[in-house]
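Here are my notes on the model you sent over, point by point. Have the structure open while you read.

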Amino acid sequence: MPPVVDDPLFFLDYDGTLAPIVDDPDAAVPHPDVPGLLRTLDAQYPVWIVTGRDLHALASFLDQPLRAIGLHGAQRGIIGGDVEQFMSEEAAQALDRLHTSVPAMDGIEIEQKGQSFAVHYRGVDRVSEAEARLERWLDDLPDVLDVIWGKKVVELRPSGLTKGTAVQRVVGQHPARTPVYLGDDTTDEDAFAVLQDLDREVVTVRVREEDTCADYRLAGPEEVVTYLRRYVPS
Ligand SMILES: [Mg+2]
């Protein structure tokens, strides 16, 4: 188990960390103990949810006005409340241009995520052909955008905005607290690296995955809940 620190500043990823991984991302409900636990923690400590999801969409799973970082670092705000977007005009225009030029293929699905978007191709017949066409489409990608390839999905987002840059901004506002970051995604590694570069105590925890630069590991949401409970006086 990771250590319990005195003055934590929590950063908690959602999918895979607070909510078990499910096949249908629209059905990713939190672990049953999570809503109550978050309410208790949030009353005592600063708590930030960190997610790749659009924060407006996250509100349907987590119906609490918690502070949150969304779209892998491109959004910041309150779940179910005000959300600010960090994006240059140049990146917004490039995204618009690519959005209108997605290769037309049967089975392709475009998911709008705030101002960025993802192209899902799990529904196409010939996956490698679809990947080749998508790669060609992204051949001349401008520097202002990043591409993230996932499981039969490719996502475009503004570059230079990561969970790491977003977390850094928040950490700077809490100089006396110990950041405690729990996440299960590759994109959480950016945040682990940023935190470990700070000249202060930090607790970095990778959930599920062994290959990580985090200092500690937990097996899944069940263990996450067990660990977070240790911050709640009994
Ligand atoms: Mg996750």
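1. Start at the hairpin of β8 and β9: two residues sit between the strands, and K152 takes a positive phi near 55° there. Keep in mind that this is a predicted model. The two strands of the hairpin, β8 and β9 (residues 153-158), run antiparallel and are joined by six bridges. If you want landmarks along the ladder, W149 has V154 in β9 as its bridge partner, and D146 is matched with R157 in β9.

2. What does β9 pair with besides β8? Strand β7 (residues 116-120) is joined to β9 by four bridges, and this pair is antiparallel too. Look for F117, which stands opposite L156 in β9.

3. Zooming out a little, these strands belong to an open sheet of four, ordered β6-β7-β9-β8, with antiparallel pairing. Which strands are at the edges? They are β6 (109-113) and β8 (145-150), and each of them pairs on one side only. On average, neighbouring strands of this sheet are turned by 20° against each other, ignoring direction.

4. Now the other sheet. It is open as well, has eight strands and mixed pairing, and reads β5-β4-β3-β2-β1-β10-β11-β12 across. Why is one side of β5 (83-85) and of β12 (216-218) left without a neighbour in the sheet? Both stand at the edges and have a single partner strand each, so the other side has nothing to pair with in the sheet. Neighbouring strands here are turned by 20° against each other on average, again with direction ignored.

5. Within that eight-stranded sheet, have a look at β10 (residues 178-183) and β11 (residues 203-207). These two strands run parallel, and four bridges join them. A handy pair to click on is L182 and V205, since L182 stands opposite V205 of β11. As a reminder, strands of a sheet pair through backbone hydrogen bonds, either parallel or antiparallel.

6. Which helix lies across β10 and β11? That's α6 (residues 188-196), which also lies across β1 (8-13) and β2 (47-50). Relative to β10, helix α6 runs at about 160°.

7. Helix α6 also has a helical partner, α5 (residues 163-171): their axes come within 7 Å and cross at roughly 40°. That angle makes α5 oblique to α6. The crossing is right-handed. On the α5 side the contact uses K163, G164, V167 and Q168, and on the α6 side D188, D190, A191, A193, V194 and L195. Sorted by class, the residues of the contact of α5 with α6 are five nonpolar, two polar and three charged.

8. Compare that with helices α1 (residues 34-44) and α7 (residues 221-229). Their axes come within 11 Å and cross at roughly 30°. Are α1 and α7 roughly parallel or roughly antiparallel? They count as roughly parallel to each other, because angles under 35 degrees are classed that way. This crossing is left-handed. The residues meeting here are V34, L37 and L41 from α1, and V225, L228 and R229 from α7. By class, the contact of α1 with α7 has five nonpolar residues, no polar ones and one charged.

9. Last, the overall layout. How is the protein divided? There are two domains: domain 1 covers 8-86 + 161-229, and domain 2 covers 89-158. Their C-alpha centres lie 26 Å apart. The contact takes seven residues from domain 1 and six residues from domain 2. On the side of domain 1 that touches domain 2, you'll find three nonpolar, three polar and one charged residues.

Methods. Residues are numbered from 1 along each chain as its sequence is written. This is a predicted model: local features need pLDDT of at least 70, side-chain atom pairs count only at pLDDT 80 or more; totals for chains, interfaces and linings use all residues. Domain bounds come from an automatic or database domain assignment. Two residues are in contact if their C-beta atoms, placed from the backbone, lie within 7 Å. Ala, Val, Leu, Ile, Met, Phe, Trp, Tyr, Cys and Pro count as nonpolar, Asp, Glu, Lys and Arg as charged, and the others, Gly among them, as polar. Two strands pair if DSSP finds at least two bridges between them. Axes are lines fitted to C-alpha atoms, for helices over the stretch in contact, and angles run from 0 to 180 degrees between N-to-C directions. Angles under 35 degrees count as roughly parallel, over 145 as roughly antiparallel, 65 to 115 as roughly perpendicular and the rest as oblique. A crossing is left-handed if the near helix is turned anticlockwise from the far one by less than a right angle, and right-handed if clockwise.
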